[in-house]
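Got a minute to go through some aromatic rings? Here's the structure, and then a few questions.

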Amino acid sequence: MAASGAKQLSEVDPEARLLRKNGQSVVGYHGQIAVDDTTTMIGAVALVQDENDLQQLKPMMTQAAAATGNPELVGLADAGYASGTQLKGCVEKGMTMYVPIPKQAFHTGKDGRFGTDDFRYDQATDSYTCPSGQKLVRGKTRLNRRGQWYNTYRSHCHICRSCPLASRCLVPSTKCCAIDRWDNEDVMVRYHHRMATVDGVMRQRGAVVEHPFGTLKWWAEINFFLIRGLVKCRGELNLMTLCYHFKRALKEVKVTAFIADCQAQMVLQGSRV
């Protein structure tokens, strides 16, 4: 590990990664699927090494859009996919997304203190207004966090020191208030408000996307991969998806219609020889 710079190593499958599943640590891969809500057919499938889902929203929605021929898909995803960069990418492609934004993403205050959402942002003046009515203006400081750029907005220290609300705004080690704002923070704010105005959407997501997983795990008794290596496991997942699609197709068109179609195709192919 020291020679390669790797942070973890699995002796059973060197390409597998440590994941957190249902509160437990397991070694494996993250399976991703996008499911059509009318047919419960899988429109996109992927297997990745990422330890979470944060970078998978745009790739999965792009794959699903290509499979359905609809670039303006409406997508539902759980909070594990709540990435501002990924949401922005989906918006730019013309998609409408419903993704709950975790409260910590908006810096909700703790222990009676103010949080970021207690400060009002004014786009016209590019400044924040604190609960006491004072301005936080943008400084020259720019921060790069995992490829995302943030601007820092600060208050005037002499005003904060005499503010009657200082105890709810500042911690003992700080002299003034500061807020870091992502360049595309409006994306996160917009989705935060959107999710606050809908009801029952996420229940619909769970009913749709968990159905194929449940079918594979309980009907096919596939709870783990039988082979090793990322490429081989991807092939195994694709084979699982094919079997699932075949089962769904038989249910939708019925066995007799499927047999008749196969016979017609055989006749058609025979006439071409």
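Q: Is Tyr121 buried, partly exposed or exposed?
A: This is a predicted model, where local features need pLDDT of at least 70, side-chain atom pairs count only at pLDDT 80 or more, and totals for chains, interfaces and linings use all residues. Residues are numbered from 1 along each chain as its sequence is written, and side-chain values use heavy atoms, with hydrogens and water left out. Buried means under 20% relative accessible area, exposed over 50%, and partly exposed in between (1.4 Å probe, protein chains only). Tyr121 comes in at 26% relative accessibility, so it counts as partly exposed.

Q: What kind of pair do the rings of Tyr121 and Tyr128 make?
A: Rings of Phe, Tyr and Trp (its six-membered ring) pair if their centres lie within 6.5 Å; planes under 30 degrees apart count as stacked, over 60 as edge-to-face and the rest as tilted. Here the centres are 5.0 Å apart and the planes sit at 55°, so the pair is tilted.

Q: Is Tyr128 buried or exposed?
A: Just look at its relative accessible area, which is 4%. That makes Tyr128 buried.

Q: Which residue do ring pairs link with Tyr121 and Tyr128 into a cluster?
A: We've already met the tilted pair of Tyr121 and Tyr128. The cluster built by ring pairs also takes in Tyr153.

Q: What is the relative accessible area of Phe258?
A: Phe258 is another ring to check. It counts as partly exposed, because its relative accessible area is 28%.
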